[in-house]
Amino acid sequence: MLVVTGPNGAGKTSLLRILSGLASPEEGTVFWSEQNIYEDNTQYASDLIYIGHKLGFSANLSALENLQFWLQQRQIHRSVDDILEVLDDLALIGMEDVLVRQMSAGQQRRVALAKLWLAPAALWILDEPLTALDKVGVQMLQQKMAEQVLAGGSIITTSHQDFSVEININILALEASW
């Protein structure tokens, strides 16, 4: 697990967007499994879950509809019962048919984080994943992050908060360049 820290404007989000393949670096190349992710990112895309500041959902769809659509895009079959079980684990049961725009920021974040429970991925890139979560949500996510790393997965994340998980955490501290 790598935690990228630094003041606002230091480039944390920009770095994550480059590492996720959403932006290109001015110099250098990003490799995954010895493959340049900008030349052929098919394997990389299937090995990656990226959750940014913008949660990547339609505000006009329900939590269930958004997750079903996301899984369909990734060509992952999960039953409605599987999705409801994850929503229940994330304290969102009863909210599955509520439009995302009608949810609180913390509930919206939990819907986005449900991806981590629904689809296995070797690498998680998470931009400020603890934002808007209450104490229980933070504990659930940190437990899931520990499970990911202990199972051999990788996480690159940004945060202004400390992580209280019992795994090896590496820190990359960026400085403001302005």
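# Questions on a predicted chain

In this predicted model, the elements follow one another from the N terminus as β-α-β-β-α-β-α-α-α-β-α-β-β.

Visitor: How many helices and strands does the chain have?
Guide: The order from the N terminus, β-α-β-β-α-β-α-α-α-β-α-β-β, sets out each element of the chain in turn. Taken together, the secondary structure comes to 6 helices and 7 strands.

Visitor: What radius of gyration does the chain have, and what does the globule rule give for 178 residues?
Guide: The C-alpha trace spans about 45 × 35 × 30 Å along its principal axes. The chain is as compact as a globular protein of that length, because its radius of gyration is close to the value that the globule rule gives for 178 residues. The radius of gyration is 16 Å, and the rule gives 16 Å.

Visitor: What share of the contacts with a separation of 6 or more comes from residues 24 or more positions apart?
Guide: Of the 178 residues in the chain, 43% are buried. As for the contacts with a separation of 6 or more, the share that comes from residues 24 or more positions apart is 69%.

Visitor: How far apart do the centres of the positive and negative side chains lie?
Guide: The accessible surface of the chain comes to about 9,800 Å², and carbon and sulfur atoms hold 48% of that area. The chain carries 11 positive and 21 negative side chains, and the distance between the centres of these two sets is 7 Å.

Visitor: Why is strand S6 described as largely enclosed by the rest of the structure?
Guide: A residue counts as buried when its relative accessible area is under 20%. Strand S6 covers residues 154-158, and it is described as largely enclosed because the buried ones among its 5 residues number 4.

Visitor: Which strands are joined to S6 by bridges?
Guide: Strand S1, residues 2-5, runs parallel to S6 and is joined to it by 3 bridges, with valine 4 standing opposite threonine 158. Strand S5 also runs parallel to S6, here with 5 bridges, and tryptophan 124 stands opposite isoleucine 155. The strands asked for are S1 and S5.

Visitor: Which residue in S7 stands opposite leucine 2?
Guide: Strand S1 is joined by 4 bridges to strand S7, which covers residues 170-173, and the two run parallel. Within this pairing, the residue that stands opposite leucine 2 is asparagine 170.

Visitor: Is serine 33, with its positive phi, buried or exposed?
Guide: Most residues other than glycine have a negative phi. Serine 33 has a phi near 55°, a positive value in a residue that is not glycine, and it lies in the loop between strand S2 (31-32) and strand S3 (35-36). Its relative accessible area is 60%, and the cut-off for the outermost class is over 50%, so serine 33 is exposed.

Visitor: Is glutamate 128 buried or exposed?
Guide: Glutamate 128 also has a positive phi, of about 50°, although it is not a glycine. Its place is the loop between strand S5 (123-127) and helix H6 (135-150). With a relative accessibility of 8%, against a cut-off of under 20%, glutamate 128 is buried.

Visitor: Which residues does tyrosine 50 touch, leaving out those up to four places away in sequence?
Guide: Tyrosine 50 lies in strand S4, residues 48-51, and is partly exposed, with a relative accessible area of 23%. Its C-alpha atom is separated by 18 Å from that of alanine 132, which is 82 residues away along the chain. Leaving out residues up to four places away in sequence, tyrosine 50 touches Leu16, Arg17, Ser20, Leu22 and Ile125.

Visitor: Which residues does asparagine 66 touch, not counting those up to four places away in sequence?
Guide: Asparagine 66 belongs to helix H3, residues 63-73. Its relative accessible area is 4%, so it counts as buried. Apart from residues up to four places away in sequence, asparagine 66 touches Phe57, Ser58, Leu61 and Val100.

Visitor: What separation is there between the C-alpha atoms of valine 136 and alanine 91?
Guide: Valine 136 is found in helix H6 and counts as partly exposed, at 48% relative accessibility. Alanine 91 is 45 residues from valine 136 along the chain, and their C-alpha atoms are separated by 9.4 Å.

Terms used: Residues numbered from 1 in each chain as written. Predicted model: local features only at pLDDT ≥ 70, side-chain atom pairs only at ≥ 80, totals over all residues. Heavy atoms only, no water. Buried < 20%, exposed > 50% of the residue type's maximum accessible area, 1.4 Å probe, protein only. Rg over C-alpha atoms; globule rule 2.2 N^0.38 Å. Contact = heavy atoms within 4.5 Å. Areas by Shrake-Rupley, 256 points an atom, 1.4 Å probe, with all protein chains shown as cover. Lys, Arg positive; Asp, Glu negative; His and termini not counted. Charge placed at Lys NZ, Arg CZ, Asp CG, Glu CD. Pairing = 2+ DSSP bridges.
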